[in-house]
Amino acid sequence: MYSGTVNGSAQMTFRNQTILIACSNKKDRLQFFNYFDELNADKIFTASDLAQMEEMLISDEVYSILVFEISKDWVQSNQQIVQLKASHSELKLVGLVSPQIELKPAQFKEISEHVNDLLFSPVMQHELIAKSVANKMIEETTSSQIPQSNDLELFLTHVFHPSGLPQFIIDVNSHEINHVNEALQKAFAINQHDLTDKIWYETVMVHHGSDIAQLKSDLTEQGRLNSNLEIDFGSGFKAVNLRIHYTTIGDQSIYLAEVQDKTEQVYQAKYLNYLELVTTLDFDDKAQQADMQALLRWAQIDFCFIVGKNRSDEYKRIQWDCSLNNYAQQFITAGHEFLLRKVNADDVYEIDDKAYQVIPGDEFLSFYSINSLIVCDSYVDDKNDAVLIAGSVNKTKKWNSLKLLFKQLSLHYKQATAFKVLQHSHESESQYDVLTNLLNRRYIVKAIEQSIENSGEQKAIMFLDLDRFKVINDSLGHDVGDDVLVKVAQILKKHVNGYGVASRYAGDEFLILLNNEVNKEKVMQIAQAILKSIANPIKLNNGSEINLTVSLGISYYPDHGHNVNKLIKHADIALYDAKLNGKNRFTVFDTGLESDHTKQNEEMVNNLQNAIINDEIDVYFQPKINANTEDIMGFEALVRWEHPDLGIISPGLFIPLAEQSDLINDIGMLVIEKSCKMLKKWQDEFNIPLNMSVNLSPVQLNDKELTEKISNVINQTGIYPRNLDFEITESEKFKSVKDALLMFKKIVNLGCTLSIDDFGTGHSTLDYLRKIPAKTLKIDQVFVKNIGLSPDDEAILDATIDMAKRVGHHIVAEGVETEEQRLYLTQKGCDYFQGYLFCRPVPAIEIKRILSQRAEILKNN
């Protein structure tokens, strides 16, 4: 910084002076501090608000110079400045005008009469030096001062030209550029005479003439300008930040301009925007194709397209194209043997310059004299084999960074295509129940709906349920139970084939649609044949035989209903009657059955209501195991009803009833409250960060006060919201999918997490996965059971885990019962386990015993 003597003048100094700098902008305080400090001020104090400034002014310290802010929060008017001067007559005043204040010339002049110096925020160091701020107040200056006419020359010689900041000086009246310093000439590769006498605003790129008028107006009225724009000093337009300040040097007024080159910053910002585009691009969206063409123009790339193989195994099919001309069509008509051989070997092949010379035999490259080129292998499978080609006729600047965009675009294309392939496969597979290979619940409902829409002809719905299946499952094991279901499915297929379609509706329930050339007599024949076939001894895979019976209910369209829900409900009522009347028979629905069924339901609802009041609703807990550490990381809460006379009642029986009667909201909150209390108790007692998963019924999501109720439980129990997870399943019971998704977001906003339950069974689809803010997928146990038994199920399982990992989801595998299953799932990257291999659902007292045992083991080791 310049502080020497010129032409015999006294040295600029603030020796023996005490300075107070009072302004809100930290950078301004620093600029003034450095200025006074370098010129040897004895003491320098700062204040960051008006109250602090006023307090310091009435202290014992004697200040000689006060720098103060003129703004709405500090000194606001000329009258206040006059009062300040009257109260502290010994002070020399330097006013600093905030950017919030717009001073007109008359106001500027009026304030200037009451202060020793007046500047505009933000201040620049060279401006303080150039104006010798506060220096002419100091009496140390001798009578041999530099004549005012030489001040500008001194500034140019000792401050302006040596400055490392690119600067130029503008004439206040003509707006012509008078002086250009060396830093600016170097930064923009120009000479002094390239800019001298040019009008500064004519070097600026504008889109409308009014923009120039606004720039001039801002500078003239406010005395300063700070703008990001593009400017051309003779070597092409560059993105810059242009700052211009009105100032006086001696008796001359000038505009001092400073230019900061923003080219690289603008490039990086654009680059990051386009990087996001190429990693999120929808290849079917034509609007985004226009965005890609904007990218090409910005990067000075002429073409970018993807070509796939045709039936002749040649890359002749244009898959996608955003080129700026008809390059893709030209490419597929030419030969590229060398180029395609290279990319198939190396995945990516690129040339930054003279590609047409490097590969002289390529007709496409030679025809256009292509310089920069990149080719990326975008192979997904044999049916989706493609390559991405991008490049330019001229050599491309910044090629090393730009080629990364096209590599990412190719990778994104591969991932998007793989997702579509998986989605198509998943949707195809998810129509069928994995165990029985019959249609699943979702798709039998769709099939019935479609049949009603297509034809008004008579059709029948059969609802079938295995008698005593729970006894078989519990006594002989799940493997035998599964075998029984498969054998029953085969019998149903045999008798239904040609007349309709059979499905596995849930557990041991099957639903059949008969809609092809059937009358009531034929329906009866099919029902009798099914009952008879299933009643014969069924041979199992283990060599043994088992005796089974089934009960069956029938409803007819249009006699018993005009929509799918009504028809299924009435078939279910008829099935219930068949069971009450001795099982191993079928019943056709009639209206009398409905009143009986309604009475039974009403009685059960009353019992359930009493169960809530009498605290018969209990919660069991099944541990979740960390796959890596094999330690307990949390629990799933499972509701149980212990009836005083009937004992434990299956949730499969009372939950549907609770959902129909809206008692599910009370039961649901009861489970949440009990689960959170136990979670807090176990966390505190055993000092481990456990999580708790609670199932949410689709009906609960219709409760607008649900999140408020959950929040109250969290506050009352003192658990952390992040430790509470809610398991959800896509369901037709949503009143509104849009409202359900909104409720999911509200739950996540509480700090809780979501898991998607039954994933892979058709109840939870890929589309559902993309919409819900869940972080965890629970793979249904039907997939886990078939590990080592069904290569098809393993393929679906592998694809599901891989897809979930790609989108950042954790994986919980349900129903893990064998060591073989655990090892397989661990190798595939599964995060957590649930299943009988580790622990079945147990009461809270048993969980305490397990955690105590765990604590004892850790203590001893």
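Helices and strands here are DSSP runs, numbered from the N terminus. With that settled, I'll go through a predicted model, starting with two single residues and then moving to sheets and rings.

The starting residue is Gln700. Gln700 sits in the loop that connects β27, residues 691–695, with α25, residues 706–717. Is Gln700 buried or exposed? Its relative accessible area is 3%, and the limit for buried is under 20%, so Gln700 counts as buried. Within that loop, the side chain of Gln700 comes to 2.9 Å from the backbone nitrogen of Ser697. Setting aside neighbours within four places in sequence, the residues in contact with Gln700 are Ile664, Asn665, Gly668, Met669, Asn695 and Leu706.

The next residue is Asp725. Asp725 belongs to strand β28, which covers residues 724–728. Asp725 is buried as well, at a relative accessible area of 8%. A polar atom of the Asp725 side chain is 3.4 Å from the backbone nitrogen of Leu754. What does Asp725 touch, leaving aside its neighbours within four places in sequence? The contacts are Lys624, then Met692, Ser693 and Val694, and then Thr753, Leu754 and Ser755. For a sense of scale, Ala47 is 678 residues away from Asp725 along the chain, and the two C-alpha atoms are separated by 51 Å.

Now the sheets. One is an open sheet of 5 strands with mixed pairing, and the order is β18-β19-β17-β22-β23. Which strands stand at the edges? They are β18, residues 500–506, and β23, residues 586–588; each has a single partner strand, so one side of each has no neighbour in the sheet. From one strand to the next, the twist averages 20°.

Inside this sheet, β17 (residues 459–466) pairs with β19 (residues 509–514) in the antiparallel sense, over 6 bridges. If you want a register point, Leu464 has Phe510 of β19 as its bridge partner. Helix α17, residues 441–454, packs on the sheet and touches β17, β18, β19 and β22, the last being residues 550–557. The direction of α17 makes about 140° with that of β18. Helix α19, residues 478–496, lies across β17, β18 and β19, and runs at about 10° to β19.

Another open sheet has 6 strands, in the order β7-β6-β11-β10-β9-β8, with antiparallel pairing. Here β7 (177–180) and β8 (204–205) are at the edges, and each has a single partner strand, so each has one side without a neighbour in the sheet. Strands β9, residues 224–231, and β10, residues 238–249, are paired antiparallel over 8 bridges. The register point in this case is Asn226, whose bridge partner in β10 is Arg243. Helix α6, residues 151–160, lies across β6 (167–171), β7, β10 and β11 (252–261), at about 160° to β6.

On to the rings. A pair of aromatic rings is described by the distance of the centres and the angle of the planes. The count in this model is 32 aromatic pairs. I picked out two.

Phe108 and Phe120 are stacked, at 5.7 Å centre to centre with 5° between the planes. Phe108 is in helix α4 (residues 105–112) and Phe120 in strand β5 (residues 117–120), so this pair ties together parts 12 residues apart in sequence. Phe108 is partly exposed, with a relative accessible area of 22%, whereas Phe120 is buried at 5%.

Phe305 and Phe364 are edge-to-face: 6.4 Å between centres and 90° between the planes. Why does this pair tie together parts that are 59 residues apart in sequence? Because Phe305 lies in strand β12, residues 303–309, and Phe364 in helix α15, residues 363–368. Phe305 is buried at 0% relative accessible area, and Phe364 is buried at 1%. Both rings belong to one aromatic cluster, made up of Phe303, Phe305, Tyr327, Phe331, Phe364, Phe367 and Tyr368.

Last, charges over rings. The charged end of Lys520 sits over the ring of Tyr556, 5.0 Å from its centre. Arg840 lies over the face of Tyr836, and there the distance to the ring centre is 4.3 Å.

That is what I have; questions are welcome.

Key: Residues numbered from 1 in each chain as written. Predicted model: local features only at pLDDT ≥ 70, side-chain atom pairs only at ≥ 80, totals over all residues. Heavy atoms only, no water. Helix = DSSP H or I, 4+ residues; strand = E, 2+ residues; numbered from the N terminus. Buried < 20%, exposed > 50% of the residue type's maximum accessible area, 1.4 Å probe, protein only. Polar contact = N/O pair within 3.5 Å; in protein donor to acceptor, adjacent residues only side chain to side chain. Contact = heavy atoms within 4.5 Å. Pairing = 2+ DSSP bridges. Axes fitted to C-alpha atoms, helices over the stretch in contact; angles between N-to-C directions. Phe/Tyr/Trp six-rings, centres within 6.5 Å; stacked < 30°, edge-to-face > 60°. Lys NZ or Arg CZ within 6 Å of the ring centre and 35° of its normal.
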